[in-house]
Amino acid sequence: MDGSERMAARFPRDVAVSLAFLTRIPAERLGLAPTDGADLRGAVRSFPVAGALIGLAGGILLLVTAALKLPPLAAALVVVTGLALLTGGLHEDGLADTADGIGGGSDAASRLSIMRDSRIGSYGALALILSVGLRASLVAAFLPEAPLAGLFALVTAESLGRAAIVHNWAELPPARPEGLAGGVGRPDQETLRMALVAAIVIGLVGGTLAAGPIAAIVALAAAALVATSFASFSLHRLGGHTGDTLGAVEQLTAIAVLLALTAFR
């Protein structure tokens, strides 16, 4: 069995490991926990697929709320809440910590110190309010006329959000070598390429089904712009990535994708 065949055979486990890492699935109980850093580092190539499955779960919940004829904003808030519960608020926590650090620190060391503090500050609270509000209002824009399109929009946004994580993880040095992302190590360029190819395919298909081909292309461009811009910002302000900045870029990218799909559908 050559290298490509081994990777293909391993891909289902990679998806399972990614879902275990990105959600509250009981990984240890199901035997899905990464065996070591290299196991997780290789599995991140499937992050966009895992993100699509997370988005699919949110989309199914959206169809249920639409069938119950909940008001659009209420239905969208239920979906955003459901996604946060599924992921344990992993990325929301990263966004809040990053906002507190960037907003409150005067240099890289002080920003990283603030980000280690588990207490939420005013910048973090504001970032969470804006993130939840924007995502809910954008999902609500697909209701009540097009809940199925909303499902595909969620699949696209959650997939491209996880691709942004892989990009920033692979392209930036760790700002804190002792952190989780730093301890696992950076994904290699082949892993990054595989993740980006998967994200582009999912983005084109999902975005087209959600809002048409033009909107899909704009959404991909928006995701790329946010991921690369935030990478540059993180390098300048913090000296690299942390687990928190990876969560933050996921949230920002997902919002950008939903904005594009809503604006151009």
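**Second largest pocket and a nonpolar surface patch**

The second largest pocket holds about 210 Å³ of space. In this predicted model, 13 residues line the second largest pocket, and A163, L196, L220, A223 and A224 are the ones nearest its centre. Two or more lining residues are contributed by each of the elements α9 (147–171), α11 and α12 (213–238). Of these, α12 supplies the largest share of the lining, with 5 residues. Grouped by class, the lining comprises 10 nonpolar and 3 polar residues, and charged residues are absent from it.

L196, which lies among the residues nearest the centre of the second largest pocket, is also a member of a nonpolar patch on the surface. The other members of this patch are V197, I200, V201, L204, V205, L209 and I217, and together the residues of the patch present about 680 Å² of accessible area. Helix α11, spanning residues 189–211, provides the largest share of the patch, 7 residues. One of the patch residues, V197, is placed in helix α11. V197 has a relative accessibility of 53% and is therefore classed as exposed, the threshold for that class being over 50%.

A further valine, V132, is located in helix α8 (residues 122–140). Its relative accessible area is 29%, so V132 is assigned to the partly exposed class, which lies between the limits of 20% and 50%. V132 is separated from V155 by 23 residues in sequence, and the C-alpha to C-alpha distance between V132 and V155 is 17 Å.

Note on methods:
Residues numbered from 1 in each chain as written. Predicted model: local features only at pLDDT ≥ 70, side-chain atom pairs only at ≥ 80, totals over all residues. Heavy atoms only, no water. Patch = residues over 30% accessible without salt bridge, like charges linked within 9 Å, V, L, I, M, F, W, Y side chains within 5 Å. Areas by Shrake-Rupley, 256 points an atom, 1.4 Å probe, with all protein chains shown as cover. Salt bridge = Lys/Arg side-chain N within 4 Å of Asp/Glu carboxyl O. Helix = DSSP H or I, 4+ residues; strand = E, 2+ residues; numbered from the N terminus. Buried < 20%, exposed > 50% of the residue type's maximum accessible area, 1.4 Å probe, protein only. 1 Å grid on protein atoms, 1.4 Å probe; cavity = no way out; pocket = protein on both sides within 12 Å on 5 of 7 lines; lining within 4 Å. Points joined across faces, edges and corners; volume = space filled by probe spheres on them. Nonpolar A, V, L, I, M, F, W, Y, C, P; charged D, E, K, R; others polar.
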